[in-house]
Amino acid sequence: QFRRAALLEKLGRVKEARASYQAGLDALGALPPHQRNVPAVRSLAEQIHAALTRLGKAAESLQAAALSP
């Protein structure tokens, strides 16, 4: 999911990228605690959170640009 989301983000398909990142985060959340706490999984979760934050800001910028005269 992460690679797909990153590609969608690069293509400017923000809504789809956000949905894909969220699906990846949901999948990580479904893992048992002993797997969720592996450093690589925690790192991936941090990357996904950063991407979702970045996409949220991008979406806000797009909305502001669309609303400005």
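# Close-up views of a four-helix protein

**Figure 1. The whole chain, end to end.** Starting at the N terminus, the elements of the protein follow the order α-α-α-α. Welcome to a predicted model: the protein holds four helices and zero strands. It has 69 residues, of which 25% count as buried. About 4,900 Å² of the protein is exposed, and 60% of that comes from carbon and sulfur atoms. How do the contacts spread along the sequence? Taking contacts between residues at least 6 apart in sequence, 46% join residues at least 24 apart.

**Figure 2. Helix α1 beside helix α2.** Two packed helices are described by the angle between their axes and the distance between the axes. Here the pair is α1, residues 2-10, and α2, residues 14-29. Their axes come within 8 Å and cross at roughly 165 degrees. Angles over 145 degrees count as roughly antiparallel, so α1 is roughly antiparallel to α2. The crossing of α1 past α2 is left-handed. On the α1 side, the contact is made by F2, R4, A5, A6, L8 and E9. On the α2 side, E16, A17, S20 and Y21 take part. Sorted by class, this contact of α1 with α2 contains six nonpolar residues, one polar residue and three charged residues.

**Figure 3. A zoom on S20.** Let us stay with helix α2, where S20 is found. Is S20 buried or exposed? Its relative accessibility is 3%, and buried means under 20%, so S20 counts as buried. Neighbours within four places in sequence are set aside for this view; beyond them, S20 is in contact with Q1, R4, A5 and L8. R4, A5 and L8 also belong to the α1 side of the contact between α1 and α2.

**Figure 4. A zoom on A17.** Helix α2 is also the place of A17. The relative accessible area of A17 is 0%, so A17 is buried. Which residues does A17 touch, leaving aside those within four places in sequence? They are A5, L8, E9 and L55. As a distance to check in your viewer, take A17 and R3: their C-alpha atoms are 9.9 Å apart in space, while the two residues are 14 apart in sequence.

**Figure 5. A zoom on E9.** Now cross over to helix α1, which holds E9. With a relative accessibility of 19%, E9 counts as buried. Leaving aside neighbours within four places in sequence, E9 is in contact with A17, Y21, A51, R54 and L55. A17 and Y21 are among the α2 residues in the contact of α1 with α2. Where does A51 lie relative to E9? The two are 42 residues apart in sequence, and 8.9 Å separates them in space, C-alpha to C-alpha.

**Figure 6. A zoom on V41.** The last view moves to helix α4, residues 39-67, where V41 is found. V41 counts as buried, with a relative accessibility of 19%. Which residues are in contact with V41, once its neighbours within four places in sequence are left aside? L28, L31, Q35 and R36 are the ones. For L28, the separation from V41 is 13 residues in sequence and 7.5 Å in space, again C-alpha to C-alpha.

Technical notes:
Residues are numbered from 1 along each chain as its sequence is written. This is a predicted model: local features need pLDDT of at least 70, side-chain atom pairs count only at pLDDT 80 or more; totals for chains, interfaces and linings use all residues. Side-chain values use heavy atoms; hydrogens and water are left out. Axes are lines fitted to C-alpha atoms, for helices over the stretch in contact, and angles run from 0 to 180 degrees between N-to-C directions. Helices (H or I, at least four residues) and strands (E, at least two) are DSSP runs, numbered from the N terminus. Angles under 35 degrees count as roughly parallel, over 145 as roughly antiparallel, 65 to 115 as roughly perpendicular and the rest as oblique. A crossing is left-handed if the near helix is turned anticlockwise from the far one by less than a right angle, and right-handed if clockwise. Contact means heavy atoms within 4.5 Å. Ala, Val, Leu, Ile, Met, Phe, Trp, Tyr, Cys and Pro count as nonpolar, Asp, Glu, Lys and Arg as charged, and the others, Gly among them, as polar. Buried means under 20% relative accessible area, exposed over 50%, partly exposed in between (1.4 Å probe, protein chains only). Accessible areas come from the Shrake-Rupley method with a 1.4 Å probe; for residues, only the protein chains shown count as cover.
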